[in-house]
Amino acid sequence: MSVRFSLLLVALVLGVVIALVLGLVAGFLAWVAGAHPATAVLRGGTCSIGVLVMVAAILTLFWTAAGRDAS
């Protein structure tokens with residue numbers, strides 16, 4: 001396994017953990033602010049999905065850049 005692949009894998013795992021934590025925080029803050037529990041869950045899930053999409057986009061850019069450097 002190459003070093004770049006290992007770093008991308010670590011970045012992916014960290015991105016997923018960050019997305020989950022931000023989703024939990026967003027949902028909790030929405031609930032504390034008085035939102036219905038279902039709305040708070042939806043807000044937290046939406047935040048997590050948005051962060052995961054951004055992480056996937058960034059990792060895709062790095063992956064394609066790593067592929068171009070290797071060839």
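Here is a walk through this structure, one helix and then the other. Keep in mind that what you are looking at is a predicted model.

Let's start with helix α1, which covers residues 3-32. This helix has 30 residues and reaches 43 Å from its first C-alpha to its last, close to the 44 Å expected at 1.5 Å a residue. If you go looking for its buried residues, you'll find Leu 8, Gly 15, Ala 19, Gly 23, Gly 27 and Ala 30. Step just past the end of α1 and you meet Gly 34, whose phi is positive, at about 105 degrees.

The other helix to pick out is α2, spanning residues 37-70. So where do the two helices share a core? The largest nonpolar core is made of 5 residues, namely Leu 8, Ala 19, Val 51, Val 55 and Leu 59. Both α1 and α2 put at least two residues into this core, and α2 is the bigger giver, with 3 residues.

Zoom in on one member of that core, Leu 59. Leaving aside residues up to four places away in sequence, Leu 59 touches Leu 8, Ala 11 and Leu 12. Of these, Leu 8 is a fellow core member. Leu 12, for its part, sits in helix α1. Is Leu 12 buried or partly exposed? Its relative accessibility is 39%, so Leu 12 counts as partly exposed. Now look from Leu 12 over to Pro 37: they are 25 residues apart along the chain, and their C-alpha atoms are separated by 29 Å.

Compare that with another pair, Ile 49 and Val 16. These two are 33 residues apart in sequence, while their C-alpha atoms are 9.7 Å apart in space. You'll find Ile 49 in helix α2. Ile 49 counts as exposed because its relative accessible area is 55%, and the cut-off for exposed is over 50%.

Finally, head back to α1 for its aromatic residues. The model has 1 aromatic pair. That pair is Phe 28 with Trp 31, their ring centres 5.9 Å apart and their planes at 45 degrees, which makes the arrangement tilted. Why tilted, and not stacked or edge-to-face? Because stacked planes would be under 30 degrees apart and edge-to-face ones over 60, with the rest counted as tilted. Both Phe 28 and Trp 31 belong to α1, and they sit 3 residues apart, about one turn of the helix. As for Phe 28 itself, its relative accessibility is 47%, so Phe 28 counts as partly exposed.

Methods. Residues numbered from 1 in each chain as written. Predicted model: local features only at pLDDT ≥ 70, side-chain atom pairs only at ≥ 80, totals over all residues. Heavy atoms only, no water. Phe/Tyr/Trp six-rings, centres within 6.5 Å; stacked < 30°, edge-to-face > 60°. Helix = DSSP H or I, 4+ residues; strand = E, 2+ residues; numbered from the N terminus. Buried < 20%, exposed > 50% of the residue type's maximum accessible area, 1.4 Å probe, protein only. Core = buried A, V, L, I, M, F, W, Y, C linked by side-chain atoms within 4.5 Å. Contact = heavy atoms within 4.5 Å. Expected span 1.5 Å × (residues − 1).
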